[in-house]
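Here are a few exercises on empty space and on what fills it. Take your time with each one, then compare your steps with the worked solution.

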Amino acid sequence: MSEVADNLALVRQRIAAACQRAGRDPSGVRLVAASKTVGPARIAEALAAGQKIFGENYVQEARGKAAELPGATWHFIGRLQTNKAAQAVKLFELIHSLDSARLAVELDRRARAAGKVQEVLIEVNLAGEETKAGVPEAELGDLVRRVSELANLELRGLMCLPPFFDQPERVRPYFIRLRRLRDELRESSGLALPELSMGMSGDFEAAIEEGATLVRVGTAIFGRRGR
Ligand SMILES: *Cc1c(COP(=O)(O)O)cnc(C)c1O
């Protein structure tokens, strides 16, 4: 087996074990292989090993890879610029990082032109970090209302990218917070909001224990970036 296939098998085992600990059905957790900076050959190894969903941070980079790798499904997990909305709608099944009404309106317009209903998650900036993307908690309810009024967007849930800690237990409170916000929004909006995109290589097991339905894992599959 290739190194990527070995790593994938291990990540899948860890996902299954976390599901078991949490009493969850493993089919309720989808693995998104975060493939920014990873070349098409290594992504092809993951595809050959049964990995279907790849998460990309840059539209241009993803376009090139998608052209070379038919059969893969692409999710957008980076910061999306409004002027890339049209290309993003063409390429991505799910956009994890919607964080403003302006971007929502543009995605909706471009989705309508493409004859598509674009699935999106709203990214929440839980720690109020100035350098990070995501809508502040205080503005989340408003943005949910705006997005739910747009006919060509389907809001599927929430995403977070918490501050980095090397101990998963320090990140866990953010995962719990995101799930609670989702639960509250479900009550107040009546939307189903089934998806929670949270957890990366260092902490995806804790995220699954707290309800993640999409985990975005790069390093644990492809090795350290920049090799
Ligand atoms: C790169 C990236 C990941 C994956 O991070 P790893 O620590 O390599 O698993 C997850 N989410 C986002 C938004 C990323 O940019």
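## Cavity and pocket exercises

About 30 Å³ of space lies in the largest cavity, a cavity being a set of points, on a 1 Å grid over the protein atoms alone, where a 1.4 Å probe fits but cannot get out. The model is predicted: local features need pLDDT of at least 70, side-chain atom pairs count only at pLDDT 80 or more, and totals for chains, interfaces and linings use all residues. Residues are numbered from 1 along each chain as its sequence is written, and side-chain values use heavy atoms, leaving out hydrogens and water.

**Exercise 1.** Find which residues line the largest cavity, and sort them by character.

*Solution.* Start with the lining, meaning residues that have an atom within 4 Å of a grid point. Val124, Asn125, Leu126, Ala127, Glu129, Cys160, Leu161, Pro162 and Pro163 line this cavity. Next, sort them: 7 are nonpolar, 1 is polar and 1 is charged.

**Exercise 2.** Describe the largest pocket and work out what its lining is made of.

*Solution.* A pocket is an open set of points with protein on both sides within 12 Å along at least five of seven lines. The volume of the largest one is about 580 Å³. Its lining has 29 residues, and Lys36, Leu161, Met200, Arg216 and Arg225 lie nearest the centre. By character, the lining splits into 13 nonpolar, 8 polar and 8 charged residues.

**Exercise 3.** Locate the ligand and trace its polar contacts (pairs of N or O atoms within 3.5 Å).

*Solution.* First, place the ligand: it sits in the largest pocket, as more than half of its atoms lie within 2 Å of the pocket's grid points. Then go through the contacts to ligand oxygen atoms. Ser201 brings a polar side-chain atom to 2.5 Å from one, and Lys36 brings a polar side-chain atom to 2.7 Å. Gly218 uses a polar backbone atom, 2.8 Å from a ligand oxygen. Finally, check the cover: the ligand alone exposes 390 Å², and the protein buries 90% of that (Shrake-Rupley method, 1.4 Å probe).

Note on methods: A polar contact is a pair of N or O atoms within 3.5 Å; within protein, one must be able to donate a hydrogen and the other to accept it, and residues adjacent in sequence count only if both atoms are side-chain atoms. Grid points are joined across faces, edges and corners, and a volume is the space filled by probe spheres set on the points. Ala, Val, Leu, Ile, Met, Phe, Trp, Tyr, Cys and Pro count as nonpolar, Asp, Glu, Lys and Arg as charged, and the others, Gly among them, as polar.
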